[in-house]
Amino acid sequence: AGSSAHWIFPSVSKGGMSEKDLAKEYWKLLSYMCIASFIASVILVNSNFLFKLWLGNEIFKSSEYYINTFLLLLPVFTLNIISIFYLLGLGLVKYKFFADILSLLAKIIVIWLAISVFNIEKWVVFFAVFIAVEFIAYGVIISRKLPIKLAHLVGFFLLQVVVVFIRI
């Protein structure tokens, strides 16, 4: 999914678009990415035979929960792709680094809590927590640079999470 959005980086980094146009393009790309990943997710969740062909029936059965969970979360995973290209294209690499450190800390804490403290075997679904931390951190940075409201980004994220939970 990330490689499908590489083309946006030169457009953002050239500096030829106004902040308002960059914001419009951001929303458009974010929407397209989420729609495309949702469609791919729905198709792949309903295509277990492809994974059985690829992995074999025994290996697929032992990893089916993780494959399906990842496919259900795919639209949420792809939320950060456009933000990353925007942060890099706008020259906000230092701020992206700090957001990534915050996300890493959230990953460590969430995984530790889920596995060690709460003994939750199905911890993969908790990926949504640190994806949220990363998305919000990126959103804070981008909303300071472009005319994009952080509340709208959080609302967009919550909409994606609701869609995932409806599908579960």
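Let me start with one residue, Lys61, which is partly exposed, with a relative accessible area of 48%. Please keep in mind from the outset that what we have above is a predicted model, and that the values I mention were computed from it.

Lys61 takes part in a salt bridge with Glu64, and the closest N and O atoms of the two are 3.7 Å apart. Both belong to helix 4, which covers residues 57-77, and because they are three residues apart there, about one helical turn separates them. Glu64, for its part, is also partly exposed, its relative accessible area being 21%.

How many salt bridges does the structure hold? There are three, and I would like to go through the other two with the same care. In one of them the side chains of Lys28 and Glu25 meet, at 3.4 Å from N to O, and these two residues, which lie three apart in helix 2 (residues 19-45), are again about one helical turn from each other. Here the two partners fall into separate classes, since Lys28 is partly exposed at 39%, whereas Glu25 counts as buried at 17% relative accessibility; the cut-off for buried is under 20%.

The remaining bridge joins Asp100 to Lys96, with the closest N and O atoms 2.5 Å apart. These residues are four apart in helix 6, which again amounts to about one helical turn. In this bridge Lys96 is buried, with a relative accessible area of 14%, while Asp100, at 25%, counts as partly exposed.

Let me stay with helix 6 for a moment, which runs over residues 93-117 and is where Phe98 has its place. Phe98 is also one of the residues that make a nonpolar surface patch of about 910 Å², together with Phe97, Ile101, Leu105, Ile109, Trp112, Leu113, Val117 and Phe118. A little earlier in the numbering, the charged end of Lys94 sits over the ring of Tyr95, at 5.4 Å from the centre of that ring.

That brings me to aromatic rings. A pair of such rings is described by the distance of the centres and the angle of the planes. The count for this model comes to nine aromatic pairs. One of these is formed by Phe51 and Trp54, whose rings are 6.3 Å apart from centre to centre with 50 degrees between their planes, a tilted arrangement. The two residues lie in helix 3 (residues 48-55), three residues apart, or about one turn of the helix. Is Phe51 buried or exposed? Phe51 is buried, at 12% relative accessible area, but Trp54 counts as exposed, at 66%.

Tyr65 and Tyr66 give us another kind of pair: their ring centres are 5.2 Å apart and their planes stand at 80 degrees, so this one is edge-to-face. Tyr65, at 29% relative accessibility, and Tyr66, at 36%, both count as partly exposed. Elsewhere, ring pairs link Tyr26, Trp27, Tyr86 and Phe156 into a cluster.

Finally, let me step back to the chain as a whole. It has eight helices and zero strands, and its C-alpha atoms fill a box of roughly 55 × 35 × 25 Å along the principal axes. Of its 168 residues, 38% count as buried. The chain exposes about 9600 Å², and carbon and sulfur atoms supply 70% of that area. Among contacts between residues at least 6 apart in sequence, 75% join residues at least 24 apart.

Note on methods. Residues numbered from 1 in each chain as written. Heavy atoms only, no water. Phe/Tyr/Trp six-rings, centres within 6.5 Å; stacked < 30°, edge-to-face > 60°. Buried < 20%, exposed > 50% of the residue type's maximum accessible area, 1.4 Å probe, protein only. Lys NZ or Arg CZ within 6 Å of the ring centre and 35° of its normal. Patch = residues over 30% accessible without salt bridge, like charges linked within 9 Å, V, L, I, M, F, W, Y side chains within 5 Å. Areas by Shrake-Rupley, 256 points an atom, 1.4 Å probe, with all protein chains shown as cover. Salt bridge = Lys/Arg side-chain N within 4 Å of Asp/Glu carboxyl O. Contact = heavy atoms within 4.5 Å.
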